[in-house]
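Q: I would like a close look at one part of this chain, with enough of the surroundings to place it.

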Amino acid sequence: PRSGESLNAAALVWSKAPVIVGAHDTGPLIRSRDGFWLAIPTPAAGKGTRGKALTPGEWERRRGLRLRFVYRRNGPSLLVADGRLNSRGLGVASRSKTGRGQSTVPIFLLVPQVKLSKRLDLGRDAANAIDGVPGLIMAHWIDERI
């Protein structure tokens, strides 16, 4: 109620991101849209616009380097750039004519799919909250009456 006390307590619990909360509750399997690879940026890739993760195409456009595919039998495959790491740890083109300081820098890890771990158990938490509500109402009501 807008004023006073009520034994008919009600609450509305909501989220601005129900899809994300649901994903952490169920632990889904994530695959790429086209069925090839998921590109996971390494710290050497840097950040995209507005802090978002970069795509391989956007990284190539911004840095002016071509990414090379490296298949690995054990572990994730890689997209690497033949360049160097700058002082901030980002992969950039090498300005050296002789190749000094040049290295192969892994920019993206490529995996076919990712399984999110189940981080929440909303059913258990909701049941615990429901079980505790009558006791909380009675404790508050008795304190007010005395």
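Leaving aside its neighbours within four places in sequence, which residues is Leu 54 in contact with?

A: In this predicted model, Leu 54 is in contact with Pro 41, Ala 45, Gly 46, Lys 47, Gly 48, Trp 59, Arg 62 and Phe 108, once neighbours within four places in sequence are set aside. Leu 54 also belongs to the largest nonpolar core, a set of 12 residues. Ala 45, Trp 59 and Phe 108 are members of that core too. The remaining members are Ala 44, Leu 65, Leu 67, Leu 79, Ala 81, Val 105, Ile 107 and Leu 110. Two elements give two or more residues to this core: strand S4 (77–85) and strand S6 (103–111). S6 contributes the most, with 4 residues. As a general tendency, nonpolar side chains in soluble globular proteins are buried together.

Thr 42 is placed in the loop that runs between strand S2 (38–41) and helix H2 (56–63). Thr 42 has a relative accessible area of 16%, under the 20% limit, and therefore counts as buried. Apart from neighbours within four places in sequence, Thr 42 contacts Pro 106, Ile 107, Phe 108 and Leu 109.

As for the chain as a whole, 3 helices and 7 strands are present, in the order α-β-β-α-β-β-β-β-β-α along the sequence. Buried residues make up 19% of its 146 residues. Of the contacts between residues at least 6 apart in sequence, 59% join residues at least 24 apart. The exposed area is about 11500 Å², and carbon and sulfur atoms supply 56% of it.

Terms used
Residues numbered from 1 in each chain as written. Predicted model: local features only at pLDDT ≥ 70, side-chain atom pairs only at ≥ 80, totals over all residues. Heavy atoms only, no water. Buried < 20%, exposed > 50% of the residue type's maximum accessible area, 1.4 Å probe, protein only. Contact = heavy atoms within 4.5 Å. Areas by Shrake-Rupley, 256 points an atom, 1.4 Å probe, with all protein chains shown as cover. Core = buried A, V, L, I, M, F, W, Y, C linked by side-chain atoms within 4.5 Å.
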